[in-house]
Amino acid sequence: MVGPKEKRISIFEKIITKTATIANVRPWNSGNISEVDLHLPQVDFSKWNKTPVIKCRTSAMHYTDYTPSMWDNNEHICTLYIDTSHSGKGSEWVKEIKENDTLNYIHIDFENHYPVEDKQLVFLGDQTAIGHFCALQQLASTNAKINGYICFNNQQTAEGFTKNCPWLPLETLTGYEETNQKTAQLLEQLEDKENCIFYIVGYAKMVVSIRKYLKSQGIAGEQIKSKGFWH
Ligand SMILES: Cc1cc2nc3c(=O)[nH]c(=O)nc-3n(C[C@H](O)[C@H](O)[C@H](O)COP(=O)(O)OP(=O)(O)OC[C@H]3O[C@@H](n4cnc5c(N)ncnc54)[C@H](O)[C@@H]3O)c2cc1C
């Protein structure tokens, strides 16, 4: 539980942060994800060409990385998909915030992940990667071919994803132990592996394991973009 002391922001943190407004919070009915809409009137989303990351103040001197996605440059609103399944200051913060609260953040930065024109995009990740994959899809051309999977830590959250994110054409898994087998199946089904870019994002051990597997199957390093999101 985030206490009043944690919420109160010091002068130092005020100086080093910018502010956004929480426009809406939507915990999924089934599963451990909350969608958080941020209003960022000063940010020009139209300049974004790589996957963004925002460093949010979730407690006193504690900053958590989340991925802005589904941005609307007219309304100046974007959405974070936040995994609340573990006990961490970020997940506690999400459970307490409400519409019109102020969010302090350090900056919005960019990962070196972007869709490559005319390539098939293969998304392999876990439930912390929903926003990242939505962002990649938004940056890609509308006819980009996308497939892959997201690994969830329970069936309810997997069902929540299917219901709440129907635009992402990804399969769902419900355990990290399924990822290697599923990756092998996906590779078998791909018609033109040389024309694919693989984006592997989420639990660091999973990312390393899938990356190793892809390389062992002859996928070139430049076709793989990976990022461990948590340890
Ligand atoms: C570039 C980038 C973008 C990211 N985007 C998102 C995003 O859009 N949505 C999102 O949910 N996460 C995202 N993450 C991951 C998120 O920053 C981490 O999961 C972070 O550790 C959560 O912070 P916390 O304060 O809740 O927990 P922490 O205080 O960091 O960790 C508390 C404990 O929980 C464990 N832990 C942390 N995260 C998880 C998890 N997801 N599942 C199980 N155990 C965990 C830690 O190992 C630790 O033991 C992103 C990370 C990066 C680097």
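Helices of at least four residues and strands of at least two are DSSP runs, numbered from the N terminus. On that basis, the secondary structure of this protein, a predicted model, comes to seven helices and 12 strands. The radius of gyration is 18 Å, close to the 17 Å given by the globule rule for 231 residues, so the protein is as compact as a globular protein of that length. Along the principal axes, the C-alpha atoms occupy a box of roughly 55 × 35 × 30 Å. Buried residues make up 34% of the 231. Among contacts with a separation of 6 or more, 70% are between residues 24 or more positions apart.

Strand E11, residues 196-203, merits separate description. Seven of its eight residues are buried, which leaves the strand mostly covered. E11 pairs with strand E8 and with strand E12, as set out below.

| Strand paired with E11 | Residues | Bridges | Direction |
|---|---|---|---|
| E8 | 120-126 | six | parallel |
| E12 | 224-230 | six | parallel |

Individual bridge partners can be named in both pairings. On the E8 side, valine 122 has phenylalanine 198 of E11 as its bridge partner. Towards E12, valine 201 stands opposite lysine 227. From E11 the chain passes through helix H7, residues 204-216, before reaching E12, and this β-α-β crossover is right-handed.

Note on methods
Residues are numbered from 1 along each chain as its sequence is written. This is a predicted model: local features need pLDDT of at least 70, side-chain atom pairs count only at pLDDT 80 or more; totals for chains, interfaces and linings use all residues. A residue is buried if 20 or more other C-beta atoms lie within 10 Å of its own, exposed if 12 or fewer, and partly exposed in between; C-beta atoms are placed from the backbone. Two strands pair if DSSP finds at least two bridges between them. A crossover is right-handed if, with the strands pointing away from the viewer, the path from the first strand over the helix to the second runs clockwise. The radius of gyration is taken over C-alpha atoms; the globule rule is 2.2 Å times the number of residues to the power 0.38. Two residues are in contact if their C-beta atoms, placed from the backbone, lie within 7 Å.
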